[in-house]
Amino acid sequence: MFLSISNKKKLKFVLFGHGYHICYFAKLLIDNGFKKPVIITHPKKNHKRDRQLLQFDNKLYEYVFDVANDLKIPILETKSVNDKKALKFIQSHGCNAGFSFSCRSILKKKIINHLSGKIFNIHPSLLPKERGGGTFSWRILQGKKNIAGTIHLLTEGIDEGAIIIQKEKKMNMVKPKPIDFMIKTNILYNQLLSNFLNYINKNKQIKTIEQKNIESFYLPRLYTEINGAINWSLSGNEIERFVRAFSEPYSGAFTFVGKKRVYIYDAKFKSSKINNHPFMSGRIINISNAHGAKVLVKDGILTIKKLRYRNNIINVDDFLSVIDMFSTPTNLLYKSSTTVVNVSKMK
């Protein structure tokens with residue numbers, strides 16, 4: 001199948017979503033002589049969490065309202081991109097193409113049909129694999145170290161549209177965290193978005209590839225404050241990967257010391273020939289300023305140097321003693337593994 005995209009002088013994009021890439025693409029359109037786009041995003045109050053987690057690095061995150069103001073781009077905030085207000089906004093600005101960047105609503109037929117099916121999405125995997133959200137955390141849990149990106153046509157199905165461009169690379173890191181995947185993926189995304197505009201600049205027909213649903217798999221978005229509960233009955237390597245999957249830039253995997261909820265960002269595992277009984281898992285056997293807390297798990301020892309309690313990052317030797325142990329209530333473990341959070345309600 002071939003896709004024909006109008007000459008850039010006739011194109012007017014509406015951009016759906018938030019974050020670094022929607023801002024990057026808005027600037028890229030303007031720099032390449034396209035008409036100024038318009039933006040539809042979720043309410044300001046729901047941007048708060050991302051700003052707190054990511055705004056320390058402008059190569060990782062940009063606040064869409066600030067960029068829209070700087071570029072004098074019209075922007076609409078709405079709970080759903082499918083409401084009448086959003087469609088009226090698109091119509092009033094004469095938009096005839098769209099691009100989605102981590103949009104928190106699934107676009108419906110009304111919007112898709114109004115834009116004649118010329119709505120695109122960018123996704124951080126080699127589709128049809130890894131549809132859904134929480135991609136980098138799931139990838140760490142699976143022990144993978146690849147980065148990828150796909151630009152595809154947007155449909156009502158989640159990440160199901162025909163593929164336009166995609167690319168994959170391997171990461172040269174021993175134990176990457178989500179922030180490492182984000183930084184590397186941002187660079188890859190920039191290349192894909194530039195290539196996409198080059199197709200349009202050259203008035204080329206784009207050959208699309210239909211996704212094979214039989215090869216797909218879907219995993220839901222994760223919300224660290226709910227899904228990040230540490231299960232101390234797992235093996236040491238599994239716990240280490242779990243901690244890393246919810247580490248920077250997220251708030252950290254969590255557990256308890258007594259009734260105090262603590263967050264762990266980093267852990268190192270060393271296997272042992274001694275087969276510890278599961279009853280021993282989570283027990284602290286040694287603490288030092290230089291080496292941190294040594295914690296028993298069923299197949300060895302996990303070492304933790306720092307953790308967060310409330311809003312403070314603290315050294316473990318200032319907070320723990322050898323009579324303490326880490327544990328997570330069963331009800332929170334069940335909630336962690338079964339809850340799928342509605343991302344549109346995240347603040």
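The following exercises, with worked solutions, concern salt bridges, a central strand pairing, a helix and aromatic pairs in a predicted model.

Residues are numbered from 1 along each chain as its sequence is written, and side-chain values use heavy atoms, with hydrogens and water left out. Since the model is predicted, local features need pLDDT of at least 70 and side-chain atom pairs count only at pLDDT 80 or more, while totals for chains, interfaces and linings use all residues.

**Exercise 1. Salt bridges**

Task: Determine how many salt bridges there are, and describe the one between arginine 139 and glutamate 130.

Solution.

Step 1. A salt bridge is a side-chain nitrogen of Lys or Arg within 4 Å of a carboxyl oxygen of Asp or Glu. The count under this rule is eight.

Step 2. In the bridge between arginine 139 and glutamate 130, the N to O distance is 2.9 Å.

Step 3. Burial is judged by relative accessible area: buried means under 20%, exposed over 50%, and partly exposed in between, with a 1.4 Å probe and protein chains only. Arginine 139 is buried because its relative accessible area is 0%, and glutamate 130 is buried because its value is 9%.

**Exercise 2. A bridge between distant parts of the chain**

Task: State which parts of the chain are linked by the salt bridge of glutamate 248 and lysine 177, and classify the accessibility of each residue.

Solution.

Step 1. The closest N and O atoms of glutamate 248 and lysine 177 are 3.2 Å apart.

Step 2. Glutamate 248 belongs to the loop between helix 9 (236–245) and strand 12 (253–257), and lysine 177 to the loop between strand 9 (163–170) and helix 7 (178–201); the two are 71 residues apart. Helices (H or I, at least four residues) and strands (E, at least two) are DSSP runs, numbered from the N terminus.

Step 3. Glutamate 248 is classed as partly exposed because its relative accessible area is 31%, whereas lysine 177 counts as buried because its value is 18%.

**Exercise 3. The surroundings of glutamate 240**

Task: Describe the salt bridge of glutamate 240 with arginine 244, and the contacts of glutamate 240.

Solution.

Step 1. Between glutamate 240 and arginine 244, the closest N and O atoms lie 2.8 Å apart. Both residues are in helix 9, four residues apart, about one turn of the helix. An α-helix has 3.6 residues a turn, so residues three or four places apart point the same way.

Step 2. Lys175 joins Glu240 and Arg244 in a network of salt bridges.

Step 3. Both glutamate 240 and arginine 244 are buried, and the relative accessible area of glutamate 240 is 5%.

Step 4. Contact means heavy atoms within 4.5 Å. Leaving aside residues up to four places away in sequence, glutamate 240 touches Lys175, Ala267, Phe269 and Leu302.

**Exercise 4. Strand 6 and its partners**

Task: Establish whether strand 6 (residues 119–123) is enclosed or open, and identify the strands with which it pairs.

Solution.

Step 1. Strand 6 is largely enclosed by the rest of the structure, because five of its five residues are buried. On one side lie Ile119, Asn121 and His123, and on the other Phe120 and Ile122, all buried.

Step 2. Two strands pair if DSSP finds at least two bridges between them. Strand 5 (residues 97–101) runs parallel to strand 6 and is joined to it by three bridges; glycine 98 has isoleucine 119 as its bridge partner.

Step 3. Strand 8 (residues 146–153) is antiparallel to strand 6, with four bridges, and leucine 153 is the bridge partner of phenylalanine 120.

**Exercise 5. Helix 1 and the aromatic cluster**

Task: Name the elements against which the buried residues of helix 1 (residues 20–31) pack, and describe two aromatic pairs.

Solution.

Step 1. The buried residues of helix 1 include Cys23, Phe25 and Leu29. Such residues pack against strand 2 (13–17), strand 3 (38–41), helix 3 (64–71), strand 5 and helix 7.

Step 2. Rings of Phe, Tyr and Trp (its six-membered ring) pair if their centres lie within 6.5 Å; planes under 30 degrees apart count as stacked, over 60 as edge-to-face and the rest as tilted. The count by this rule is 15 aromatic pairs.

Step 3. Phenylalanine 13 and phenylalanine 25 are edge-to-face, at 5.8 Å centre to centre and 85° between the planes. Phenylalanine 13 lies in strand 2 and phenylalanine 25 in helix 1, so this pair ties together parts twelve residues apart in sequence.

Step 4. Phenylalanine 99 and phenylalanine 120 form a tilted pair, at 5.9 Å and 40°. Phenylalanine 99 is in strand 5 and phenylalanine 120 in strand 6, so the pair ties together parts 21 residues apart in sequence.

Step 5. Phe13, Phe25, Phe99, Phe101, Phe120 and Phe196 form one aromatic cluster.
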